[in-house]
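Biologist: I am new to this structure. Please pick a single part and look at it closely. Tell me where each piece of it sits.

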Amino acid sequence: MKTLVTIGFFALIFFSIPLQAAEKEWLHDMHAMMHSMDVGLSQALEGSDLQMLGQMGISKKLDKDMMTRGTRMVKDGKAMIKEMLEGEAMKRLHKEGGYDKKIMDDIHELGDRMLKVIEQIEKLHEGVEKQK
Ligand SMILES: [Cu+2]
């Protein structure tokens, strides 16, 4: 009896390790996606700051560079968020399943809101450019 309990105990541990690893994998994937989205948003906001500085037209030597770099950063940041929401990794995760649907829905909602913030910023800069 003691031997059976011991075998059962080790079998339980042995078979539950891959399950735990699979669960951690989707959670880790989602953390990685969310972190990448955070980086994308930060990059876009930093880029927007550079654009704003460049638009002020105070530093003739640097204005154009700041505008160019800032515009690229806004574009890249936005692309990073879109890649996380719609890219291959997300498609694969949806195909594999096994994730928490609530967390997934929350991540998509968060990403959509991040994109809205960036689009609002883009509109503001377009408005400033038109006034010039
Ligand atoms: Cu998703």
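Modeller: H35 is exposed, because just 11 other C-beta atoms lie within 10 Å of its own. The cut-offs are 12 or fewer for exposed, 20 or more for buried and in between for partly exposed, with C-beta atoms placed from the backbone. H35 sits in helix 1. A helix here is a DSSP run of H or I, at least four residues long; a strand is a run of E, at least two long; both are numbered from the N terminus.

Keep in mind that this is a predicted model: local features need pLDDT of at least 70 and side-chain atom pairs pLDDT 80 or more, while totals for chains, interfaces and linings use all residues. Numbering starts from 1 along each chain, as its sequence is written.

First, the setting. The protein has four helices and zero strands. From the N terminus on, the order reads α-α-α-α. Of its 132 residues, 17% count as buried.

Now follow H35 across to I81. The two are 46 residues apart in sequence, yet their C-alpha atoms lie 9.9 Å apart in space. I81 is the part to study. Set aside its neighbours within four places in sequence. I81 is then in contact (C-beta atoms within 7 Å) with M37, G40, L41, G111, M114 and L115.

I81 also belongs to the largest nonpolar core, which has 13 residues. Such a core is a set of buried Ala, Val, Leu, Ile, Met, Phe, Trp, Tyr and Cys residues joined through C-beta atoms within 7 Å. Inside this core, M37 and I81 have the most contacts. Helix 1 (2-56), helix 2 and helix 4 each supply at least two of the core residues.

Next, look at how helix 2 and helix 4 pack. Helix 2 covers residues 63-86, and helix 4 covers residues 101-131. Their axes, lines fitted to C-alpha atoms over the stretch in contact, are 10 Å apart and form an angle of about 160 degrees. Helix 2 and helix 4 are therefore roughly antiparallel to each other, a label for angles over 145 degrees. Helix 2 brings V74, G77, K78, I81, M84 and L85 to this meeting. Helix 4 answers with H108, G111, M114, L115, I118, I121 and E122. An α-helix has 3.6 residues a turn, so residues three or four places apart point the same way.

M84, one of the residues of helix 2 that meet helix 4, also leads back to A32. Their C-alpha atoms are separated by 9.1 Å, though the pair is 52 residues apart along the chain. A32 is placed in helix 1. A32 is exposed, because 12 other C-beta atoms lie within 10 Å.

Elsewhere in helix 2 lies T68. T68 is partly exposed, because its count of other C-beta atoms within 10 Å is 13. The C-alpha atoms of T68 and Q51 are separated by 7.7 Å, with their places 17 residues apart along the chain.

Helix 4 has a partly exposed residue too. I103 lies in this helix. I103 is partly exposed, because 14 other C-beta atoms lie within 10 Å. From I103 to M30 is 8.4 Å, C-alpha to C-alpha, and 73 residues in sequence.

Helix 3 (residues 88-96) is hardly covered: zero of its nine residues are buried. G97, just after helix 3, takes a positive phi of about 70 degrees.

One last number covers the protein. Take contacts between residues at least 6 apart in sequence: 73% of them join residues at least 24 apart.

Methods. Two residues are in contact if their C-beta atoms, placed from the backbone, lie within 7 Å. Axes are lines fitted to C-alpha atoms, for helices over the stretch in contact, and angles run from 0 to 180 degrees between N-to-C directions. Angles under 35 degrees count as roughly parallel, over 145 as roughly antiparallel, 65 to 115 as roughly perpendicular and the rest as oblique.
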